[in-house]
Amino acid sequence: MADADKRIDGKAFAESLRAQVGDAAAAFEKLAGRKAGLAVVLVGEDPASQVYVRSKGKQTLASGMESFEHKLPADTSEAELLAMVARLNADPAVDGILVQLPLPDHIDEQKVIAAISPDKDVDGFHVTNAGRLAVGQPGFVPCTPLGCLMLLKDRLGSLSGLDAVVIGRSNIVGKPMAQLLLAESCTVTVAHSRTKDLADVVRRADIVVAAVGRPEMVKGGWIKPGATVIDVGINRVPGAEEGKTRLVGDVDYADALPVAGAITPVPGGVGPMTIAVLLRNTLVAAHRNAGIALDQTAL
Ligand SMILES: Nc1nc2c(c(=O)[nH]1)N[C@@H](CN(C=O)c1ccc(C(=O)N[C@@H](CCC(=O)O)C(=O)O)cc1)CN2
């Protein structure tokens, strides 16, 4: 296969998902007599978080949903943030709540996530939604791993019986990704910083999902020929020109491309899926909150 055909275009896939969400959001508005609504809370001034939150607001509006943005100063107390989450839980115009991570060090992330109503937890981070995913009940699934699964199924069709290795065991990506692949009847290995002979473990896999946050760690020699490689890493490293930076993934793309059967680039692979799936989850939340059935095959 030509190298260009191996590239999994997450940007294009995300665009088409957003268009489908837009159609479904318009249909929801007609049925419910109101728009679906997403509240995003940002605490502090982390530059990357500011970009993501701005993007979420713009894409929410472009999909025909209401966007409620709450920007709080970095010295906001945990109690103040919890009070804001409580207000959003009680607000009938708000279907989905997202608190942008990371939070400043003085705030306990787990406490804040636990305070979000599981029915509005469109990030899928609440322990109730993590439990639902683990036992196969309907709930909200974290956006990045669900986006990865969509890209995998689009490229491979059935994943049943395939060997999958997830590198990274975070609550936000690695663990839910492993659960999703298991639910698709893959044989799943979760590798992490203490895994022995990581390259050998990865070399057995038909599917590799890299989510470790270490720039270009996975080399071409680690990849089984023909394997599908999903790169979740977004690492900013020094660029060729002094003072400039560039984005790279956890996979050495140029090294892995000749070996892989298919691979996501960084940027333009998994990243754009995160916000598109967030919009999709918000629309699902709106239907559930309004008691309106949604044909989920459309999304
Ligand atoms: N509450 C949450 N916080 C965070 C999440 C999350 O899902 N929920 N994920 C990340 C950040 N994130 C969204 O919030 C996010 C990351 C990356 C992208 C993206 O489109 N990346 C582009 C490159 C962008 C760039 O140039 O910097 C790409 O990979 O092509 C979107 C959203 C942490 N926090």
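These legends walk through several close-up views of a predicted model.

**View 1. The two domains of the chain.** Start with the overall split: the chain is divided into domain 1, covering 32–124, and domain 2, covering 143–271. Between the C-alpha centres of domain 1 and domain 2 there are 28 Å. Keep both domains in mind for the next view, since the ligand lies between them: domain 1 and domain 2 both give residues to the shell around the ligand.

**View 2. The shell around the ligand.** Here we look at the 17 residues that surround the ligand, the closest being Y52, L101, P267, G271 and T274. Three elements give two or more residues to this shell: β3 (96–99), α7 (143–156) and α11 (271–290). Of these, α11 supplies the largest share, with 4 residues. As for the kinds of residue, the shell has 11 nonpolar, 5 polar and 1 charged.

**View 3. Two cis peptide bonds.** Two of the residues closest to the ligand, L101 and P267, turn up again in this view. The bond from L101 to P102 is cis, and its omega is near 5°. If you want to find P102, look in the loop between β3 and α5 (109–115). The other cis bond shown runs from V266 to P267, with omega near 0°. P267 sits in the loop that links β10 (262–263) to α11.

**View 4. Helix α2 alongside α11.** Helix α2, made of residues 10–32, packs against α11 at an angle of about 20°, and the two axes are 9 Å apart. An angle under 35 degrees counts as roughly parallel, and α2 and α11 are therefore roughly parallel to each other. The crossing of α2 past α11 is left-handed. On the α2 side the contact includes G10, F13, L17, V21 and F28, while on the α11 side G271, M273, L279, L283 and H287 are among the residues taking part. Sorted by class, the contact of α2 with α11 holds 15 nonpolar, 3 polar and 3 charged residues.

**View 5. Helix α3 crossing α11.** Now α11 meets another partner, helix α3 (residues 47–62): their axes come within 10 Å and cross at roughly 50°. That angle makes α3 oblique to α11. This time the handedness is right: α3 passes α11 in a right-handed crossing. The residues to look for are S55, K56, Q59 and T60 in α3, which meet I275, L278 and L279 in α11. In this contact of α3 with α11 you'll find 3 nonpolar, 3 polar and 1 charged residue.

**View 6. Helices α7 and α8.** We now turn to α7, one of the elements that give two or more residues to the ligand's shell. The axes of α7 and α8 come within 8 Å, crossing at roughly 35°, and α7 passes α8 in a right-handed crossing. From α7 the contact takes P145, L146, C148 and L149, and from α8 it takes P176, M177 and L180. The class count is easy to remember: 7 nonpolar residues, no polar and no charged ones.

**View 7. S185 and its positive phi.** What is the phi of S185? The angle is positive, about 65°, although S185 is not a glycine. You can spot S185 in the loop between α8 (174–183) and β5 (187–191).

Technical notes: Residues are numbered from 1 along each chain as its sequence is written. This is a predicted model: local features need pLDDT of at least 70, side-chain atom pairs count only at pLDDT 80 or more; totals for chains, interfaces and linings use all residues. A residue is near a molecule or strand if its C-beta atom, placed from the backbone, lies within 6 Å of it. Ala, Val, Leu, Ile, Met, Phe, Trp, Tyr, Cys and Pro count as nonpolar, Asp, Glu, Lys and Arg as charged, and the others, Gly among them, as polar. Domain bounds come from an automatic or database domain assignment. Axes are lines fitted to C-alpha atoms, for helices over the stretch in contact, and angles run from 0 to 180 degrees between N-to-C directions. Angles under 35 degrees count as roughly parallel, over 145 as roughly antiparallel, 65 to 115 as roughly perpendicular and the rest as oblique. A crossing is left-handed if the near helix is turned anticlockwise from the far one by less than a right angle, and right-handed if clockwise. Two residues are in contact if their C-beta atoms, placed from the backbone, lie within 7 Å.
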